[in-house]
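Okay, everyone, thanks for coming. Let's have a look at this one together.

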Amino acid sequence: MIVGDRKPLEEILNSIKDYKKIMLMGCGGCVTVCFSGGAKAVGLLASQIKMARKKQGRDIEIIECTPERQCEYEFIDALKKDIESVEAVLSIACGVGVQTMNERHPRTITIPGLNTKFMGYPVEHGFWEERCAGCGDCVLEWTGGICPIARCAKKLLNGPCGGSSDGKCEVDKDTDCVWQLIYDRLKSLNKLDNLTVVREAKDWRTSTNAGQRKIKFEEAML
Amino acid sequence: MKQRSRLEKVLSAGKFAVTAELGPPQNADPDVIKKKSQYCLGNVDGANITDNQTAIVRMSSIAAGAIAISCGLEPVVQMVCRDRNRIAMQSDILGAAALGVKNLLCLSGDHQKFGNHPQSNNVFDIDSVQLIAMVKKMRDEKQFLSGDPIKEHEPRLFIGAVENPFADPFEFRVIRLAKKIEAGADFIQTQCVFDVDKFARWMELVVKAGLHEKVYILAGLTPVRSERALKYMKAEVAGMSIPDELISRMEAAGDKEEKKEEGIKICLEMIEKVKNMEGVAGIHLMPIGWESITPVILERAGLLPRPEV
């Protein structure tokens with residue numbers, strides 16, 4: 001899932017300081033599951049904003065809503081009337097949701113209230129870790145299902161570097177060295193041969209370097 | 001190979017090779033390189049010039065290498081993968097060779113977190129193994145990484161790589177060395193050896209795998225002036241193995257001058273030990289911030305004068 005982290009309240013208050021009526025829009029997808037942008041987070045943030053603005057003597061009206069997904073037209077279009085009734089929308093969906101809103105409803109500015117962090121999953125309740133960098137050319141087949149692009153600070157394909165120590169990464173002692181994990185996994189699978197091959201320079205064209213990426217699924221097109 | 005480097009000639013002649021580190025300054029003063037070059041001139045087979053080590057901005061290793069050449073030294077220019085993509089690296093490889101550089105040491109590079117620009121974006125378009133393969137392809141196949149031909153004047157470089165016998169997973173370190181050799185490394189320089197026993201165990205694995213016959217291995221050695229440096233490395237630098245015994249020796253050594261002398265003695269003992277290990281073809285001295293000690297140590301170790309080749 002896409003994991004996000006709500007922006008600090010101060011920053012949010014500053015970004016909406018000019019408005020008296022806003023919509024606070026969450027998303028029922030990934031950010032609901034990671035507790036940062038679902039209906040509960042919307043309710044909490046709305047009260048925080050109202051309280052802060054009340055203290056400043058500048059009340060604010062907030063319409064709260066959490067569409068099933070902010071990144072699809074059908075769910076946000078249902079809210080069109082409300083969207084057009086406010087001065088701005090504060091979104092605590094991921095960056096995709098914010099942009100879907102801005103493109104679909106260009107007459108209303110949608111401002112981000114959340115920092116989109118990474119693609120990952122909860123390794124324990126309330127704790128998420130990055131797992132995929134979306135490089136566009138998956139290497140998990142030979143790495144024992146563990147990604148060095150997303151999890152190595154140097155994106156090494158022929159790791160580990162000399163900073164791997166006691167299973168930890170030199171960049172952060174609380175982070176596992178992904179190459180130690182890959183080594184251990186392949187050893188347990190009896191596939192250490194995968195690591196004796198010199199892996200050639202990666203073709204990054206499938207990643208973010210070639211500009212915006214697109215996928216067309218002909219059968220689904222109308 | 002034509003235009004062979006002095007380092008390559010020494011190693012291929014079976015002589016015990018000596019290289020020493022020469023760190024470029026954090027400014028644009030060529031005299032710093034000229035001064036440090038004097039410690040190396042006539043004393044080493046290659047002056048190893050670091051590339052923004054520990055991710056701290058310094059004079060370019062290629063520019064510093066060119067200045068060293070003008071002083072009569074033969075540099076081993078380091079190149080890390082942290083700061084440049086494959087286009088810039090190949091361009092710099094051509095430029096370095098054009099300036100007369102004959103040895104290139106290929107590394108991944110310290111993460112920018114440890115330097116003075118932790119906010120920077122790193123590159124790592126290719127990793128150190130891929131860099132080695134790229135330099136070899138340019139030299140031996142006369143092709144750029146893309147496959148485009150280098151029609152003439154391909155860069156003739158003696159290719160170096162590094163390995164850290166003290167990092168984890170220990171067993172994998174030999175496999176990784178083999179990969180670097182397969183990719184094209186001609187010589188290997190190791191991380192600083194303080195834990196001679198662990199280094200010996202690693203060398204045994206290297207010899208058992210027959211890798212010492214495919215590559216020249218230079219043991220990295222760092223003389224220290226106080227126990228402080230050892231304690232710092234033990235606590236802060238990942239992938240270092242520092243025996244407590246060395247720290248105690250330095251602590252027991254009395255005043256500043258006596259500590260310096262103890263540091264030199266420890267280094268000399270290590271040189272003696274690694275010299276007698278099968279598969280060790282030379283040493284690489286890394287007197288961090290203490291370059292003036294290079295000729296002293298080499299003289300006392302009986303490694304001077306350097307052989308004629």
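Quick bit of vocabulary: helices (H or I, at least four residues) and strands (E, at least two) are DSSP runs, numbered from the N terminus. This is a predicted model, where local features need pLDDT of at least 70, side-chain atom pairs count only at pLDDT 80 or more, and totals for chains, interfaces and linings use all residues. Residues are numbered from 1 along each chain as its sequence is written, chains are lettered from A in the order in which they are written, and side-chain values use heavy atoms, with hydrogens and water left out.

So, chain B, helix H7, residues 196-208. Why does its length look right? At 1.5 Å a residue (times one less than the number of residues), its 13 residues should span 18 Å, and the end C-alpha atoms are 18 Å apart, which agrees. Just after H7(B), B:Gly210 has a positive phi of about 75°.

Which residues of H7(B) are buried, meaning under 20% relative accessible area with a 1.4 Å probe, protein chains only? They're B:Val196, B:Lys198, B:Phe199, B:Trp202, B:Met203, B:Val206 and B:Val207. An α-helix has 3.6 residues a turn, so residues three or four places apart point the same way. Among the elements covering those buried residues (contact is heavy atoms within 4.5 Å) are helix H6 (170-183), strand E7 (216-221) and H10 of chain B.

H10(B), residues 256-275, turns up again: with four residues, this helix gives the most to the lining of the second largest cavity. That lining has ten nonpolar residues, two polar and no charged (Ala, Val, Leu, Ile, Met, Phe, Trp, Tyr, Cys and Pro count as nonpolar, Asp, Glu, Lys and Arg as charged, the others, Gly among them, as polar).

Methods:
Buried means under 20% relative accessible area, exposed over 50%, partly exposed in between (1.4 Å probe, protein chains only).
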